[in-house]
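Grab a coffee and pull up the model. Here are a few exercises to work through, each with a solution.

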Amino acid sequence: MQTASHLELPNPEITRRRSHLPGWCLIISVLLYLLLLILRIRRPHFPHLDLVFVMMQYGPILLSVLWLLRSQKNTSMEPTKLPGPKSFIVAGSFAVVAASLSWFAVQGLVNPDESGYSFLARIYQSGRIMADPLIGATANVQDTPAELFFENHVLRPFGWFPKFPPGWPLVLSLAYRISARWLPNALFGTLQLFVIAAIGSRWFSRETGAFAAVLAALSPFYLINSVGMMSHALCALLSATACFALCRGHATGKRIYYVAMFACLATTFQVRPYTGFVLTAVMTGAALWLSRSDRHQLLSIVGIGALFGALAITGVLSYNHAYSGSWLVSPYGEAKGSNLPPELSLDPRVIWHGAVQYGPFMLLESILGCFPFLHLLAAYSVVTERQRRTEIWILASIYCGLVLAYMLHPGGYAVFFGERFHFEAFFALALLAARGAQLLVERWQPHCRAVAFAFAVLCCLQVGETGGAVHSVSSLGEPYRKVRAALIDSNTSRLILLHDAPGFVAKHFNLNDANWRHAPQVYLIDADTDRRADWACRYGYSRWVVVSYDPKSQAATLTEGTAHCASAGNL
């Protein structure tokens, strides 16, 4: 009987090269992705590029990551852990980037709501709750002359004010006092990272908490909503803090944590009322469910919730009455001449039409605005979690509850690297994804170097995505930044008429002083070229200037004129 004299052993060099193949596939996929990202920056209107990005993420990049993790097993006795730096390093790095970008962003304008928040903050800084009405104000807001109409503002004979709740503008007014309107959102975004890490550490593990903070910090969606002058960063910090208080209240049984939870939730009503209502419903339900077997604790939670609920409702009704004259008519309704907020709808046809029209774009942007596979990892945690089912379902309820609730807001989708109305629950999504990553690593036990390498490459991808987000903020804000720079330092007495141009919407940019009657310049909208001199005379100015933006020269344009009035003098 003939036997083989020897067995042919695999070539070590070939084996080594094959083990490197998944890593090279991942690198090549990410490099191709970054090249396409550069193409999008240079040609922002290139069709269907967002769909290509999603297909690349969930095609070659995802397959390369899975191949890499499956092909390199952990052979040591130590279990594989999630990679990631300490939370304070993540938060510190994020703070530097967010503060710098926020300072730059507030020189221009990214979202028209910022103009309203800013004006209301300046009003509060002046010690009043509304500005004097502009000359030409009408009894019916629907009849407001186009020259006097600024988006999200209400102009009535008794006063002039933006439609927003007072919570965030009050905080912003404090920043105005120290000439740092760029600071609060960057600070709140940084603080929220610590809260995310704290929730993850107590509900799951220290590694999960730190990893969740990294996932959030490297998501362009998180950065974009942590800069500028929008209200989402404050509301999101309150939301995450309320969840942390719920976590500690359930773990310790101490009522002080439930007091903190309901205090945060009551405050969200003064910042973003509808969001606050949804978050309160979910977290209150979670608190009651967790305490269902302890009757005494259950009654305590009901009592604390009722007290802060009464305070929240009193606050909402009070500012309704202060601004609209009616306890039940909000400034949102007042802005549209309606008794109810027109943005919300219970009509299934309207909801379906909004979902069909805006849903696909929102879905694409939400995926691309997050760290890669964030939603996939979150879903994995919901499906596979066994030990921490209650915590997972609380977090999933917070995120899904807010997403579903804003389907009743069909005419007002606000998508920019993700749906900003969902930001207050983004912390829950990051925690779910971090837990999903931890469960996947525990189940597969890949080599720690494979996990670290895949994470490092994906972080490089996110640095590119963040660069694209910064470029988008710069591009959107540039026309407003140039117009502001051309006007803001001038003390010349004149009427400023803001004229629409590509990339510059005049009614989105209210630069008026809260005490406009004593300001050297008043800003109106250039709605009718034949009435420029008439409006100048009505406001007592002998000079007017039309200001706009020229996209070709990328500079502000100023066209001056003189009004021949019977008597002209600055009001």
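The exercises below look at one helix and one sheet in this predicted model.

**Exercise 1.** Work out how the span of helix H3 (residues 87-105) compares with the expected one.

*Solution.* Start with the count: H3 has 19 residues. Next, go from its first C-alpha to its last, and you get 26 Å. At 1.5 Å a residue you'd expect 27 Å, so the helix comes out close to that.

**Exercise 2.** Find which residues of H3 are buried, and explain why they line one face of the helix.

*Solution.* Take "buried" as under 20% relative accessible area. That picks out Val90, Ala91, Phe94, Ala98, Leu101, Ser102 and Ala105. Now look down the axis of H3: these buried residues fall within an arc of 110°, so they line one face. The general rule helps here: an α-helix has 3.6 residues a turn, so residues three or four places apart point the same way. Flip to the face turned away from the buried side and you'll meet the exposed Phe88 and Val96. Finally, check the cover: helices H6 (183-203), H7 (206-217), H8 (220-224) and H18 (448-487) are among what covers the buried residues of H3.

**Exercise 3.** Trace the strand order of the open sheet, then place H18 on it.

*Solution.* The 4 strands run E4-E3-E5-E6, with mixed pairing. E4 (521-525) and E6 (555-562) are the edges, each pairing on one side only. From one strand to the next, the twist averages 25°. Zoom in on E3 (residues 494-498) and E4: they pair in the parallel sense over 5 bridges, and Leu498 has Ile525 in E4 as its bridge partner. Last step: H18 lies across E3, E4, E5 (543-550) and E6, at about 150° to E5.

Methods. Residues numbered from 1 in each chain as written. Predicted model: local features only at pLDDT ≥ 70, side-chain atom pairs only at ≥ 80, totals over all residues. Heavy atoms only, no water. Helix = DSSP H or I, 4+ residues; strand = E, 2+ residues; numbered from the N terminus. Buried < 20%, exposed > 50% of the residue type's maximum accessible area, 1.4 Å probe, protein only. Arc of directions from axis to C-beta. Contact = heavy atoms within 4.5 Å. Pairing = 2+ DSSP bridges. Axes fitted to C-alpha atoms, helices over the stretch in contact; angles between N-to-C directions.
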